[in-house]
Amino acid sequence: MARKTAPDDLLAPLTLAVGQEDLLLDRAVREVVAAARAADADTDVRDLTPDALQPGTLAELTSPSLFAERKVVIVRNAQDLSADTIKDVKGYLSAPAEEITLVLLHAGGAKGKGLLDAARKAGAREVACPKMTKPADRLAFVRGEFRAAGRSATPEACQSLVDAIGSDLRELASACAQLVADIDGTIDAAVVSRYYTGRAEASSFTVADRAVEGRTAEALEALRWSMSTGVAPVLITSALAQGVRAIGKLASAPRGARPGDLARDLGMPPWKIDRVRQQMRGWSADGVAAALIAVAEADAGVKGGGDDPEYALEKAVVAVARAARSRG
């Protein structure tokens, strides 16, 4: 594998995702896994942290299978691997196994640079996942999100979105997805202004987080601030729905499953698994059902089915917060 792999070869023997932006790292993993499962629905996916990859583990995972099954082996925070395990990985890179895709997630920088250099020398397909600290980088990211969705957004709209959302790449991606879903035709600055201008410190996600945590007073305070600063009601119902669905998904997941496995199976990044685990402590199955009904009613209310969108949202927030304390 000495020759460098094409960037679009998702089933390359080795993918190297370099950087510290969690959203981009998670996307790099999801793209490879999706491609592997498109080629073979029974693909075995192993998502490992450095403490789980001991000397000899990689050899076991990549040993020939009787059934020649396709496998994706993901190694997170590869810069933190032990010296002996790094030797194993370097040895594997010289003769990668067929039907196996190894995905190394590396923060970049000096730590573990020997492994980084070895992966590049072996011809890895490389995906850049840098922290986007500059406004120009975030602007390029937003443009790319709309372009990937096959939609047109004016330069002014992209800039307005960055100005309104700030530096959180996940929120920027969510905002782009929301606009793509809600708006027909070209997305312009007027649309962005209607949805996002004046968000200040409150956001639809803040409202949802406080509600699913059962913190009624704080959720209502965040809601009123959001409404007074121009956050579109549909964004709040969308965030509430996402928050409640995440609780339901994780509550129904097998007990004792590893965060990496849960992230893959539930379609959530690992950081969100940890957050939802903390939020779900007071929830019951009946509470999730009741909250989803309340959010659906609010969504209909803010989309023209009611006379007072603000009241519909307040009612939903109270219902969700109450449901978060439904486990007695």
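## Strand 3 and its sheet

In this predicted model, strand 3 is covered on both of its faces, with Lys71, Val73 and Val75 buried on one side and Val72 and Ile74 buried on the other. In a regular strand, side chains point alternately to the two faces of the sheet. Because 5 of the 5 residues of strand 3 are buried, which here requires under 20% relative accessible area, strand 3 is largely enclosed by the rest of the structure.

The sheet to which this strand belongs is open and has 5 strands in the order 2-3-4-1-5, paired in parallel. Its edges are formed by strand 2 (44–48) and strand 5 (125–128), each of which pairs on one side only. From one strand to the next, the twist averages 15°.

Strand 3 (residues 71–75) is joined by 5 bridges to strand 4 (residues 100–106), and the two run parallel; strand 2 and strand 3 likewise pair in the parallel sense, over 5 bridges. Individual residue pairs of strand 3 are listed below.

| Residue in strand 3 | Opposite residue |
|---|---|
| Lys71 | Ile100 in strand 4 |
| Val72 | Thr101 in strand 4 |
| Val75 | Leu48 |

Between strand 3 and strand 4 the chain passes through helix 3 (residues 83–93), and this β-α-β crossover is right-handed.

Strand 4 also meets a helix: helix 4 (residues 113–121) packs on the sheet and touches strand 1 (14–18), strand 4 and strand 5, while the direction of helix 4 makes about 135° with that of strand 1.

How values were computed: Residues numbered from 1 in each chain as written. Predicted model: local features only at pLDDT ≥ 70, side-chain atom pairs only at ≥ 80, totals over all residues. Heavy atoms only, no water. Pairing = 2+ DSSP bridges. Helix = DSSP H or I, 4+ residues; strand = E, 2+ residues; numbered from the N terminus. Axes fitted to C-alpha atoms, helices over the stretch in contact; angles between N-to-C directions. Contact = heavy atoms within 4.5 Å. Buried < 20%, exposed > 50% of the residue type's maximum accessible area, 1.4 Å probe, protein only. Right-handed = clockwise from strand over helix to strand, strands pointing away.
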